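Here are some notes for your first look at this one. Have the sequence and the model open while you read, and take the points in order.

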Amino acid sequence: ERQTLLAVLQFLRRSNLRESEEILRREARLLSDDLGGSVATVASSSPGVAAVTAVPPGKGGARAGGCGVAARGWRLPFPGGTPGAWGSPAPPAASGALRDAEVQGSVSGVVVEDQPDVSAVLSAYNQQGDPTLYEEYYSGLKHFIECSLDCHRAELSQLFYPLFVHMYLELVYNQHESEAKSFFERFHGDQECYYQDDLRVLSSLTKKEHMKGNETMLDFRTSKFVLRISRDSYQLLKRHLQEKQNNQIWNIVQEHLYIDIFDGMPRSKQQIDAMVGSLAGEAKREANKAKVFFGLLKEPEFDVPLDDEDEEGENEEGKPKKKKPKKDSVGSKSKKQDPNAPPQNRIPLPELKDSDKLDKVMNMKEAARRVRLGPECLPSICFYTFLNAYQGLTAVDITDDSSMIVGGFADSTVRVWSVTPKKLRSVKTAADLSLIDKESDDVLERIMDEKTASELKILYGHSGPVYGTSFSPDRNYLLSCSEDGTVRLWSLQTFTCLVGYKGHNYPVWDTQFSPYGYYFVSGGHDRVARLWATDHYQPLRIFAGHLADVTCTRFHPNSNYIATGSADRTVRLWDVLNGNCVRIFTGHKGPIHSLAFSPNGRFLATGATDGRVLLWDIGHGLMVGELKGHTDTIYALRFSRDGEILASGSMDNTVRLWDAVKAFEDLETDDFTTATGHINLPENSQDLLLGTYMTKSTPVVHLHFTRRNLLLAAGAYSSQ
């Protein structure tokens with residue numbers, strides 16, 4: 001590709017990047033006798049500098065002229081942070097391939113937009129091969145792979161699906177409809193079962209016109225399908241295609257696939273099966289290399305007259321005062337700084353109010369009475385069944401202190417119940433408040449209007465089903481998100497709507513408050529997650545990168561990271577500070593519907609429609625476990641307060657308890673595993689299963705451990 005090289009060299013000279021130009025010249029001379037010519041890869045090293053190197057075709061990297069779509073983080077100033085630290089709102093900036101599109105654009109003389117134009121995307125299919133030979137090409141490659149050695153066969157079989165899709169689309173685009181139909185019918189049965197849904201969408205694209213408006217199609221085209229293959233297997237494939245002069249397939253491999261080559265033993269079928277299945281293949285190894293501060297923030301130290309508090313607390317309970325030394329140890333245990341924790345002021349967090357401090361003291365007291373769980377001591381489970389929920393229960397949340405439960409319903413209502421003897425009361429009217437003695441000790445009691453006391457409050461405001469609900473940590477606010485595209489913030493003092501946040505244009509599937517309050521996250525059908533602050537009506541961050549709906553969102557316990565699960569079958573971890581995607585986890589075979597971080601912040605559990613719970617080591621960016629047992633979608637996951645037990649709830653009407661300590665002990669995270677992704681999952685997850693609890697006919701949609709480790713579960717009874 002001599003022309004491209006010359007253009008790149010000229011560009012480098014114009015940009016005064018002499019060093020890069022020299023490197024490229026030297027490289028090009030080395031590679032000039034290579035059969036396939038050399039391909040320019042653009043990798044940006046710092047926002048203003050683009051380093052360009054030449055590599056042989058297929059050795060990874062984005063091909064010049066192919067649009068580099070990177071995970072973008074919009075950066076806006078943080079409220080409460082210092083202007084110096086946050087700067088003014090910057091334009092959308094891509095992480096990783098920051099200047100990719102501009103550099104490539106100027107090389108080829110066409111400016112490539114970040115979100116590529118449909119016709120530009122599709123024109124890549126213009127390269128015509130003989131349509132009648134496509135079946136021959138594909139079956140030839142299939143025969144070659146099936147006859148290769150076992151160790152290479154598993155790795156090379158990953159090529160079947162992306163090649164099948166791109167060859168089919170190429171035929172459709174070039175209007176060879178009958179050949180496309182015959183190609184699809186002959187080979188679609190060979191694809192792995194977890195691609196069935198994608199193939200169903202693909203089978204409906206039979207004309208060039210259909211391709212224009214199809215999102216799945218566009219995603220497949222714009223995001224290179226990532227395959228992780230050992231160098232030996234890759235050389236074998238390359239040699240075969242060059243001997244057979246099979247340019248059609250070789251072009252697709254170069255144009256549409258990203259082959260992540262590693263040195264070492266090829267992976268086994270079992271190892272590959274554990275990691276594949278997402279819409280765009282596996283994650284590139286580079287995607288999981290960034291440092292993540294997964295440790296917990298140091299608890300703030302505050303002086304509260306513990307003794308007075310104790311007197312009150314104990315007298316209410318009517319129990320003798322004891323366990324004093326234990327409380328002190330709970331307070332002091334968290335004073336050591338976690339070496340993996342982010343700096344305390346990495347993102348601005350809200351100040352603790354007096355009521356928060358009192359709540360923390362109560363929390364410590366409860367923790368002193370917490371039951372230590374384990375295989376020998378399983379939690380009791382209390383199940384809240386919503387009976388006669390003909391409105392259709394679509395979301396549930398329980399406050400941290402387990403005093404209130406909220407349900408979101410398909411009839412667009414949000415219903416809040418008190419689950420303690422204390423009823424829900426609203427604040428008095430302004431006229432009545434003016435009569436109150438503000439100096440009295442029980443002023444907080446007096447402002448409440450006893451006439452409004454009831455067990456249930458119904459909140460009206462949404463105009464579509466409510467898909468997500470979340471209580472604020474201080475129990476003063478409630479979030480709800482809906483099919484109407486809004487997220488609403490409700491006051492639990494007045495039981496009225498305070499704000500409607502409008503940012504998503506489509507249904508919002510999930511929302512969650514930060515563990516520190518103030519910030520919250522939402523994710524929806526528009527494929528992005530947004531970070532908000534309660535006092536800003538515009539989002540602070542937009543996390544873009546998923547290829548399908550963002551179905552669930554979760555804050556890391558230290559509030560510096562957000563995990564999102566998507567219908568593209570991947571889980572991503574985003575850095576709140578700069579909006580970058582720092583982890584991409586692939587392995588689920590269906591849309592992801594539940595996420596849970598372990599209390600120590602090191603691990604993440606994810607559940608999906610495939611009925612599997614996958615466990616991830618966040619620091620190393622690796623899958624470390626797979627829990628099989630559920631037979632339907634997993635909608636709820638929760639770790640016990642000390643992290644010994646993982647509870648999972650599913651549409652199969654069961655709650656299952658898993659031994660989290662055993663699942664995470666003796667992890668093999670040596671350098672080789674981390675570098676190549678050769679994960680070795682235990683054969684049988686049944687020895688981690690501690691118990692299965694059936695309901696009569698109630699799918700489990702929410703799980704919650706109380707501060708003393710009682711497990712609460714919730715769902716709506718279904719009569720079918």
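1. Let's start with Ser598, which is buried at a relative accessible area of 3%. Buried here means under 20% relative accessible area, exposed means over 50%, and partly exposed is in between, using a 1.4 Å probe and protein chains only. Ser598 sits in the loop between β24 (592–597) and β25 (603–608). Its side chain makes a polar contact with the side chain of Asn600 at 2.6 Å. (A polar contact is a pair of N or O atoms within 3.5 Å; within protein, one must be able to donate a hydrogen and the other to accept it, and residues adjacent in sequence count only if both atoms are side-chain atoms.) Leaving aside residues up to four places away in sequence, Ser598 touches Pro557, Phe603 and Phe639, where contact means heavy atoms within 4.5 Å.

2. A word on what you're looking at. This is a predicted model, where local features need pLDDT of at least 70 and side-chain atom pairs count only at pLDDT 80 or more, while totals for chains, interfaces and linings use all residues. Residues are numbered from 1 along each chain as its sequence is written, and side-chain values use heavy atoms, with hydrogens and water left out. Helices (H or I, at least four residues) and strands (E, at least two) are DSSP runs, numbered from the N terminus.

3. Now the repeats. UniProt, in an unreviewed entry, lists "repeat: WD" at residues 386–427, 459–494, 501–532, 543–584, 585–618 and 627–659. Those positions are given in the numbering used here, feature names are shortened, and the annotations may be inferred rather than shown by experiment. What does the model show over residues 585–618? That span is 0% helix and 59% strand, with its end C-alpha atoms 10 Å apart. Residues 627–659 come out at 0% helix and 61% strand, and their end C-alpha atoms also lie 10 Å apart.

4. On to charges. Side chains of opposite charge can pair when their charged atoms come close. The model has 36 salt bridges, counting a side-chain nitrogen of Lys or Arg within 4 Å of a carboxyl oxygen of Asp or Glu. One of them joins Glu21 and Arg18, at 3.8 Å from N to O. These two are three residues apart in helix α2 (residues 18–31), so about one helical turn separates them. Is Glu21 buried or exposed? Glu21 is buried, at 1% relative accessibility, whereas Arg18 is partly exposed at 49%.

5. Another salt bridge reaches much further along the chain. Glu644 pairs with Arg372, and their closest N and O atoms are 3.7 Å apart. The pair links distant parts of the chain, 272 residues apart: Glu644 is in the loop between β28 (634–639) and β29 (645–650), and Arg372 is in the loop between α18 (354–368) and β7 (381–386). Glu644 is buried, with a relative accessible area of 7%, but Arg372 is exposed at 61%.

6. Have a look at Asp401 and Arg475 too, a salt bridge whose closest N and O atoms are 3.0 Å apart. Asp401 lies in the loop between β8 (393–398) and β9 (404–409), and Arg475 in the loop between β12 (466–471) and β13 (477–482), so the pair ties together parts that are 74 residues apart in sequence. Both are partly exposed: Asp401 at 28% relative accessibility and Arg475 at 21%. Salt bridges that share partners join Asp359, Asp400, Asp401, Arg475, Arg641 and Arg707 into one network.

7. Next, the rings. There are 25 aromatic pairs in the whole structure. Rings of Phe, Tyr and Trp (its six-membered ring) pair if their centres lie within 6.5 Å; planes under 30 degrees apart count as stacked, over 60 as edge-to-face and the rest as tilted. Tyr138 and Phe164 have ring centres 6.3 Å apart and planes at 65°, so this pair is edge-to-face. Tyr138 is in helix α6 (residues 134–147) and Phe164 in helix α8 (residues 160–173), so the pair ties together parts 26 residues apart in sequence. Both Tyr138 and Phe164 are buried. They belong to one aromatic cluster with Phe160, Tyr168, Phe183, Phe184 and Phe187.

8. Finally, the cysteines. How many disulfides does a search of the whole structure find? Zero, a disulfide being a pair of cysteine sulfur atoms within 2.5 Å. Among the cysteines, Cys382 is partly exposed at 28% relative accessible area, and Cys481 is buried at 0%.
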